[in-house]
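Thank you for making the time this morning. I would like to walk you through one model, beginning with a pair of helices and then moving on to two loops.

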Amino acid sequence: MSPDPLADAAAQGEQERTNVRLAGASGILALGNICSRVLGLAREIVLTYLFGASGAVDALQVAIIVPKAIYDLLIGGHINGAFVPVLSDVITRRGKRELWRVVSALISLVVALVALLVLLLELLAPQIVPLVAPGADFGTQRLAIDLLRLTAPALIFMSLFAVFSGTLFALRSFTLPAFAGVVFNGCIVLMTLALAPSLALLPPSEIPSLEAPFLVARPATGIIVVAVGWLVGAIAQMLLQMPGLRLRRLRISVHWRHPALTSIGLLYLPVMLSLIIDTLVIRPFSYNLASQTIEGGIAIMNWATTLVQFPQGLVATAISIAILPTLARQSAEMTAAAQRAFKDTLALGLRLATTLILPAATGLFVLAVPIIALLFENGAFLAADTEITATALRLYLIGLPFAALDLLLVYAFYARKDTLTPALVGIVSLVCYLAAALLLFERFGLFSLMIADSVKHTVHASISAVLLWRRLGGFGNQRLARTGLKAALASLIMAGFALVSLPLLTEWIGRESLLRELALVGLSALLYGGVFLLAARMLKIQELSWLLKLLRERLGS
């Protein structure tokens with residue numbers, strides 16, 4: 001029987017409308033990520049100016065790592081992969097009234113569990129800190145204990161934020177969750193600048209060192225303001241979600257045996273397995289090795305991670321979150337048309353991510369030194385710290401394209417209510433990470449961790465792609481390889497032009513002042529971005545042309 005041309009046209013029209021909606025949602029999430037990352041960089045600039053690559057920042061990182069690791073383990077992680085598909089089913093089959101019952105029960109369960117964990121963190125802080133950073137000196141550990149007791153309560157508000165934002169995603173409401181990071185980082189920056197002015201005005205040579213008896217005896221100095229800001233930011237981002245929810249329909253409920261909660265739990269168990277390994281093995285392993293390399297090794301690793309997360313959040317996270325609810329609803333339908341739509345939606349995300357992440361990673365790789373110098377090389381952060389951080393960043397960037405595509409592939413598994421496969425693949429990739437880091441540590445020191453991270457993402461993305469391709473019976477005729485090759489070629493053209501012109505631009509503009517550094521980075525970014533767009537146009541990268549057309553239409557409307 002020949003296919004119905006009217007049905008095919010209707011399906012194609014619906015898919016085009018879906019693509020436009022996904023692009024709009026991705027744009028909102030990307031804008032929120034941009035603003036959040038900018039403020040996140042501002043936060044790191046404040047830290048580097050006041051404390052440099054010092055043990056004080058290592059202590060703060062330890063105090064943040066512990067509650068954040070628990071949050072990632074229990075509810076943060078990939079909770080949307082278990083949460084959004086189940087809530088989407090509840091909305092479709094039982095309506096929003098049942099949704100509020102499920103969310104009410106989930107909130108009460110989360111609060112009861114997390115409150116107990118916070119109490120344990122407060123009591124066991126002296127025992128936890130040496131486990132996380134055994135290589136740190138006594139002063140760093142002493143300060144980290146005090147800071148941990150300040151940051152621990154933030155775990156409650158972070159968990160509530162995850163439930164609220166996941167509910168909004170299931171309702172296909174993206175704006176408030178998109179800008180939560182803006183509020184979070186903004187609170188940290190504002191509180192630090194407002195409450196630590198005396199320390200901010202001290203010249204670098206007069207900032208007390210961590211080993212000074214003053215800091216050991218009185219750890220509540222400038223760094224403690226950042227910890228307080230972290231707690232306030234967690235509260236603020238939670239409160240931001242409330243206008244989007246019908247809070248009057250939320251009630252305290254102990255109906256913890258609700259079938260939807262059981263489904264969420266069963267889906268999240270495999271995710272938690274991989275997160276347990278990451279939280280209890282990989283993170284302590286990484287921070288322990290980093291603390292044994294150079295002073296401020298943990299801080300440098302985190303600064304490089306912050307920079308590499310900027311394009312990751314801008315591209316992969318935004319697209320993945322935007323397509324997850326649609327993929328979940330398409331996967332729930334068993335028709336052939338819905339399965340074709342699933343492939344089309346996933347392929348669109350993969351093509352967009354490839355087109356955007358490759359030039360972003362390439363540009364950041366080329367401009368690593370001037371960008372880090374502009375952002376961090378002030379106060380106690382020296383030129384030598386810039387070179388080390390730039391090397392760490394570049395090694396992370398090798399794995400960034402794989403990490404971006406891998407996130408979309410993982411969310412495709414989640415949309416099909418398969419969390420076990422990504423968890424098992426994750427275990428394999430984590431074993432590769434451990435092996436690579438240990439084998440390379442003696443030769444490369446701190447940088448072995450970045451190389452191992454890129455190996456991990458490459459392995460995970462490759463295995464996930466093969467398995468999903470087999471499950472779906474192929475990705476269809478989606479131009480994935482062609483789009484990837486064109487984007488890679490355009491990125492290489494941009495990189496070649498940058499390698500030739502950047503020394504000349506640096507010599508012409510100079511780096512003697514903050515304004516000159518800003519001019520160097522800004523002009524280089526505009527110039528190299530223009531080169532990429534020109535190369536993309538010559539190579540006829542359709543996805544980029546489509547995005548630019550949508551942008552022009554939105555601006556013109």
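**A helix pair and two loops**

Let me start with a crossing: helix α15 passes helix α16 in a right-handed crossing. Please keep in mind throughout that what you have in front of you is a predicted model.

Two packed helices are described by the angle between their axes and the distance between the axes. Here, the axes of α15, which covers residues 368–376, and α16, which covers residues 383–398, come within 9 Å and cross at roughly 130 degrees. The two helices, α15 and α16, are therefore oblique to each other. As for the residues that make this contact, α15 contributes Ala368, Val369, Ile372 and Ala373, while α16 contributes Thr386, Glu387, Thr389, Ala390, Leu393 and Arg394. Sorted by class, the contact between α15 and α16 consists of six nonpolar residues, two polar ones and two charged ones.

Moving along the chain, we come to the loop between α16 and α17, and this is where glycine 399 is found. Is glycine 399 buried or exposed? Its relative accessible area is 1%, so glycine 399 counts as buried, the cut-off being under 20%. If we leave aside the neighbours within four places in sequence, the residues in contact with glycine 399 are Ser454 and His457. In the same part of the discussion I would mention threonine 458, which lies 59 residues away from glycine 399 along the chain, although the C-alpha atoms of the two are separated by 6.2 Å.

The second loop I want to show you joins α17, residues 400–415, to α18, residues 420–444, and aspartate 418 is found in that loop. Aspartate 418 is also buried, with a relative accessible area of 16%. Which side chain makes a polar contact with the side chain of aspartate 418? That partner is threonine 421, and the distance between the two side chains in this polar contact is 2.8 Å. Again leaving aside neighbours within four places in sequence, aspartate 418 is in contact with Phe413 and Arg471.

Let me finish by stepping back to the whole chain. Its secondary structure comes to 22 helices and zero strands, and of its 557 residues, 55% count as buried. Finally, if we consider the contacts in the chain with a separation of 6 or more, 84% of them are accounted for by residues that are 24 or more positions apart.

Definitions and conventions: Residues numbered from 1 in each chain as written. Predicted model: local features only at pLDDT ≥ 70, side-chain atom pairs only at ≥ 80, totals over all residues. Heavy atoms only, no water. Axes fitted to C-alpha atoms, helices over the stretch in contact; angles between N-to-C directions. Helix = DSSP H or I, 4+ residues; strand = E, 2+ residues; numbered from the N terminus. Parallel < 35°, antiparallel > 145°, perpendicular 65-115°, else oblique. Left-handed = near helix turned anticlockwise from the far one by under 90°. Contact = heavy atoms within 4.5 Å. Nonpolar A, V, L, I, M, F, W, Y, C, P; charged D, E, K, R; others polar. Buried < 20%, exposed > 50% of the residue type's maximum accessible area, 1.4 Å probe, protein only. Polar contact = N/O pair within 3.5 Å; in protein donor to acceptor, adjacent residues only side chain to side chain.
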